[in-house]
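Here are a few exercises to work through with the model open beside you. Try each task first, then follow the solution step by step.

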Amino acid sequence: MQKKNSKSEFLILLSFLVVATLVLTNGFAGRILAQEEDTFRKIEPIADVLDKILKNHVYEPDTDKVVEGALEGMMRKLDPNSEYVSPERFEQLTEDTQGQFDGIGVSIKPDDDGRIIVFQPIAGSPAAKAGLLAGDCIVAIDNAPTEGMDVTQAAEKIRGRRGTVVHLTIERTLNGEAEILEFDVKRDKIALESISEARVLPQGIGYIRIHDFKKNTADDLANEIKELRDEGMRSLVLDLRWNPGGLLNAAKDVSELFLPRNTLVTYTKGRETDEVPADKMEFYTERAPILPENFPMVVLVNELSASASEIVTGALQFYSRAIVVGTKTYGKGSVQTLIALQRPPGSALRLTTALYYTPARVTIDRMGIKPDVEAPMERKEWAALWTQMYSYYEGEDPSLKNQQNHGAVTGNEVTEDTVEDVQLKRAVEILLEDPVFDNLIAKYHKDPHETQVAAAENGGPAPDETAQEDTYEVEAE
C-alpha cells in the first residue's frame, strides 16, 4: 500500500487536473478566476476520490494510469466525439490522415448505447477480406468483452504489429435477427488510400468512390478525373457512400475541384458567450474547377456518409452542382480540434470546438442531408453488395481494384447469388436521360432548404425530427 509518496502524488494529480480544467475551458483564466469559488468547489470531489485511491487502494496505484483514466472520463462526459488522446493514439491519428499503420484496417465508432461498432472496413484491408461489415458490433477483442471500453481502448487492442492475429467476436444483425460470428484477422501494413474505385462505365459515365478525406485526396481525385476524361468520360458519379469523413480542409479541397473560385464551401462556429467570442472559420474555394460547371454530375450518399463527406455533399447540392442520389446521410456536423498537451508528453485532446454549417447556413448535426432523389437500399442488400464489391481482392490481385462488381450496372452477370447496386443504377439512369445538365437539375434538384434541415440550436434534434462525427488540422472524422 502506498503511503510515503501519496501526498506528493496527490498534489501532482490535483495540479494536473486543474491544468486540464483550464484547457477544457479554452484557457480563459479570467473566467475561471471570476468563478473561482464555484469552480473549485465543484472539482473538490475529484481531489477527494484521488486522495482515497492513493491512500487506501489495495494495490499501489499506477499514477500514470490514474491520470489517464481521469482525463478519459472527463472527455467522455462532454460529447461522443471528444476524447483524451494518448501519445500512442496521437501518433496513430497522424498516421491515419497522412501515411500507413499496422492493423486490420477498420474504423470503429460507438453507437447510441455505447457499444463498439464497425463504421467502415478499409478497402482491401485484412478486415474487409475477412468479411467484417459496416454496422457489425464488436462484442469482444481477443476474448476480452468490449462492454465498458471506449473507442480509443478498443482501437488500441485491435491494432498491433504486422503479422500478428487479433480474434474478434462480432454480433451481426440482419432482418432483425442477430448472430454471433468469430473472426481471426491477421494484422498487416495498411495503405491509407482515399480512392477506392475509379472507372468509366458504359456510355461514358465516370464513376469514382472516395473512401475518406485525407491530405492527398483532392490531388488523387484530380488525377483520377483527368485519366477518366482521357478515357472518354462525359459525366461523373461521385460515390461518397460509406465515407466516414476525415479532414475538413480536404473536404474544401475536393469541393473546389467542381465549384467556381471564391465559393463558400462551409464555415464553422463555436460557442458564443459574453466572455468568449464565437470561434468561426470560413472555407472558400481558392482555384478554378477542373471540370466545366455544366459537366453532368451525381453524388451518391447513404446513411453512413458522414462529416467531411456531408460537407462536400452539402456544398455541391446547395449550388446545384450535382444531383444527390441515395438515402439521408449520417448527420455529423461537429468539428474536433486536436490540442496538444505538454503533460503527458505527446498526448492531446480531441475536443469538439465548433459545429460546421453548410452554405444553406444550417448545421445538419444529427439531422443529415436528404438526397434530391431517394434510392433506398436495405441494410441486408448493401451489406451483400459490400461483400460482392470486394470479392476482387480474392487472390490479392490489385489490378482488379477498378473492376468491382456492382451488378448489371457495371456489366456483371446478375444471378440469384449477386446483388444489383440499385443506387448506382439509379444515378446512371438519371445521367443517361439528358446530356444537358441544366435540364436534369431542373427536373431533379430540390430546394436545399428542404434537403438541408437545421438541427436544434440547443444541440438536440430539431423539433419533430428524429436524428441519426471534423478536426482542424482540422479533422472532420
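A salt bridge here is a side-chain nitrogen of Lys or Arg within 4 Å of a carboxyl oxygen of Asp or Glu. This is a predicted model, where local features need pLDDT of at least 70, side-chain atom pairs count only at pLDDT 80 or more, and totals for chains, interfaces and linings use all residues. Residues are numbered from 1 along each chain as its sequence is written, and side-chain values use heavy atoms, leaving out hydrogens and water.

**Exercise 1: A network of charges**

Task: Find which residues are linked with Lys252 in a network of salt bridges.

Solution:
- Start with the total: searching the whole structure turns up 18 salt bridges.
- Next, look at Lys252, whose side chain meets that of Glu286 at 2.9 Å, N to O.
- This pair links distant parts of the chain: Lys252 sits in helix α9, while Glu286 is in the loop between β14 (280-284) and β15 (297-301), 34 residues apart. (Helices, H or I with at least four residues, and strands, E with at least two, are DSSP runs numbered from the N terminus.)
- Now check the cover. Buried means under 20% relative accessible area, exposed over 50%, and partly exposed in between, using a 1.4 Å probe and protein chains only.
- Lys252 has 9%, so this residue is buried, whereas Glu286 has 55% and is exposed.
- Finally, add the partners: the network joins Lys252, Asp253, Glu256, Glu286 and Arg287.

**Exercise 2: Two more salt bridges**

Task: Work out whether Lys214 is buried or exposed, and do the matching check for Arg241.

Solution:
- Lys214 pairs with Asp212, and their closest N and O atoms are 2.5 Å apart.
- Lys214 has a relative accessibility of 3%, so it counts as buried. Asp212, with 13%, is buried too.
- Then turn to Arg241, which forms a salt bridge with Asp421 (2.8 Å, N to O).
- Here again distant parts of the chain are linked: Arg241 lies in the loop between β12 (235-239) and α9 (248-255), and Asp421 in the loop between α11 and α12 (422-433), 180 residues apart.
- Both Arg241 and Asp421 are buried.

**Exercise 3: Following helix α11**

Task: Pick out the buried residues of helix α11 and say which strands they pack against.

Solution:
- Helix α11 covers residues 379-389, and its buried residues are Trp382, Ala383, Leu385, Trp386, Gln388 and Met389.
- A handy rule: an α-helix has 3.6 residues a turn, so residues three or four places apart point the same way.
- The buried residues of α11 pack against β4 (116-121) and β11 (205-210), with contact meaning heavy atoms within 4.5 Å.
- Two of these buried residues, Trp382 and Trp386, also join Trp242 in one aromatic cluster. (Rings of Phe, Tyr and Trp, using its six-membered ring, pair if their centres lie within 6.5 Å; planes under 30 degrees apart count as stacked, over 60 as edge-to-face and the rest as tilted.)

**Exercise 4: A hairpin**

Task: Find what joins β3 to β4, and which residue between them has a positive phi.

Solution:
- β3 (residues 106-110) and β4 run antiparallel, joined by 5 bridges; strands pair if DSSP finds at least two bridges between them.
- Within this pairing, Lys109 stands opposite Ile117 in β4.
- The hairpin has 5 residues between the strands, and Gly114 takes a positive phi near 85°.
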